[in-house]
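Student: I would like a close look at one strand and its surroundings. Please take me through its partners, its aromatic contacts and the pocket beside it.

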Amino acid sequence: MDSTATDRFDASRFEASRDRLASLAYRLLGSAADAEDAVQDAFLHWQAADRRRIRVPEAWLTKVVTNLCLDRLRSARARRERTVGAWLPEPLLDGDPMLGPADTFEQRESVSLAVLTLMERLTPLERAVYLLREAFSHSHAEIAEILDITEAASQQHLHRARRRISAERRRGEEVDPASARRIVEEFLAAASSGRTDQLVALLTDDAAALSDGAGLAETLLRYDTPRRVAAVVRAGFKPTPAKRRFAGGAPAIHYARVNGAPAFLFVLDGQVIGAVTFDMAGERIAMVRGIAAPARLVRLAEAWRRHGPDTPLIDRW
């Protein structure tokens, strides 16, 4: 095999792993753009390596991507950008290959916006061990090799990560998509009509809401208690001339699934300009997130343009 054919063969081996690597990087970083950069950096490492000495390319690439992501998480820039109260994970439309694998509950949960947010409370090593074990089913021996730690250390990091996430997350049985859609459509109807009591009834007792203020606020806007959440949602869903001028028109509201959870997308001329996502706890809503900062919606908006038209819940908001 000549060198050109060898390069093509080796490039194809990398491409066969690209989606899995991107999914790992997204879970570690919570950002699709940063995940793509990490995978591209891994490709450059792959090209520069003596590939004849790499016995198991998938394992080698997993190690490279994981450590590239850990370097990013430990950087001074990341510490500035990911300050508490200012950072949200980037939402992705269901069907995006960056969300896979999603065969088990643990895999689906690890890519939820709720868990991606909670992982900010973990150290970079705890986050890596947790994801390699829970989402990608690596053994502790494999994780030790990837992270250059002992198996005992891997087990300790996993125990701490599980304990911290379990202490914070609102666990409940998975809600089937049809039931979740029914609940959030009731929420939209109540918000649009200003029925505060009905909104409160759809929320858990410890419900909260977060908004990025369309990227205009330096920190996230947080609202606690069902009454406060209902009030801000009712105000937010009420269209006004000022809001339409800011949006550039009267968007349609579509139902979608984002990171495995129900969501509303505000779509204007085929472009997603805002997303509202919901964390479910049984038959009620535990968290509402409003995301409208353009930088957080780039990949989701691109996926939506390929998604094809469907019937909006509201034609003109």
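Tutor: What follows is a walk around strand E5 in a predicted model.

Start with the strand itself. E5 covers residues 271–281. Eight of its eleven residues are buried, so E5 is largely enclosed by the rest of the structure. Buried here means under 20% relative accessible area.

Now the partners. E5 pairs with E4 in the antiparallel sense, over six bridges. Strand E4 spans residues 261–268. Val 267 stands opposite Val 272 in E5. A hairpin joins E4 and E5, with two residues between them. Asp 269 sits in that turn and has a positive phi of about 55°.

E5 also pairs with E6, again in the antiparallel sense, over seven bridges. E6 runs through residues 284–291. Met 280 has Ile 285 in E6 as its bridge partner. E5 and E6 form a hairpin too, with two residues between them. In this turn Gly 282 has a positive phi of about 65°.

Next, the aromatic contacts. Across the whole structure, a search finds seven aromatic pairs. One of them brings E5 together with a helix: Phe 187 and Phe 278 form an edge-to-face pair. Their centres are 5.3 Å apart, and the planes meet at 75°. Phe 187 belongs to helix H10 (residues 177–193), while Phe 278 lies in E5. The pair thus links distant parts of the chain, 91 residues apart. Both rings are enclosed. Phe 187 is buried at a relative accessible area of 1%, and Phe 278 is buried at 0%.

The neighbouring strand in the sheet pairing, E4, has an aromatic contact as well. Phe 266 and Trp 317 have ring centres 5.5 Å apart and planes at 90°, so this pair is edge-to-face. Phe 266 lies in E4 and Trp 317 in the segment after helix H14 (298–307), so the contact ties together parts 51 residues apart in sequence. Phe 266 counts as buried at 11% relative accessibility. Trp 317 is buried too, with a relative accessible area of 9%.

These two pairs belong to a wider group. Phe 187, Phe 237, Phe 264, Phe 266, Phe 278 and Trp 317 form one aromatic cluster. E5 contributes Phe 278 to it, and E4 contributes Phe 266.

Finally, the pocket. The second largest pocket holds about 930 Å³ of space. It is lined by 35 residues. Those closest to its centre are Ser 211, Ala 214, Gly 236, Gly 290 and Ala 292. Several elements each give two or more residues to the lining: strands E1 (203–211), E2 (221–224), E5 and E6, with helices H12 (226–236), H13 (241–247) and H14. E5 gives the most, with six residues. The lining divides into 26 nonpolar, six polar and three charged residues.

Put the parts together. E5 has antiparallel pairing with E4 and with E6. E5 carries Phe 278, which is linked to Phe 187 in H10. And E5 is the element that gives the most to the lining of the second largest pocket.

Definitions and conventions. Residues are numbered from 1 along each chain as its sequence is written. This is a predicted model: local features need pLDDT of at least 70, side-chain atom pairs count only at pLDDT 80 or more; totals for chains, interfaces and linings use all residues. Side-chain values use heavy atoms; hydrogens and water are left out. Rings of Phe, Tyr and Trp (its six-membered ring) pair if their centres lie within 6.5 Å; planes under 30 degrees apart count as stacked, over 60 as edge-to-face and the rest as tilted. Helices (H or I, at least four residues) and strands (E, at least two) are DSSP runs, numbered from the N terminus. Buried means under 20% relative accessible area, exposed over 50%, partly exposed in between (1.4 Å probe, protein chains only). On a 1 Å grid over the protein atoms alone, a cavity is a set of points where a 1.4 Å probe fits but cannot get out, and a pocket is an open set with protein on both sides within 12 Å along at least five of seven lines; lining residues have an atom within 4 Å of a point. Grid points are joined across faces, edges and corners, and a volume is the space filled by probe spheres set on the points. Ala, Val, Leu, Ile, Met, Phe, Trp, Tyr, Cys and Pro count as nonpolar, Asp, Glu, Lys and Arg as charged, and the others, Gly among them, as polar. Two strands pair if DSSP finds at least two bridges between them.
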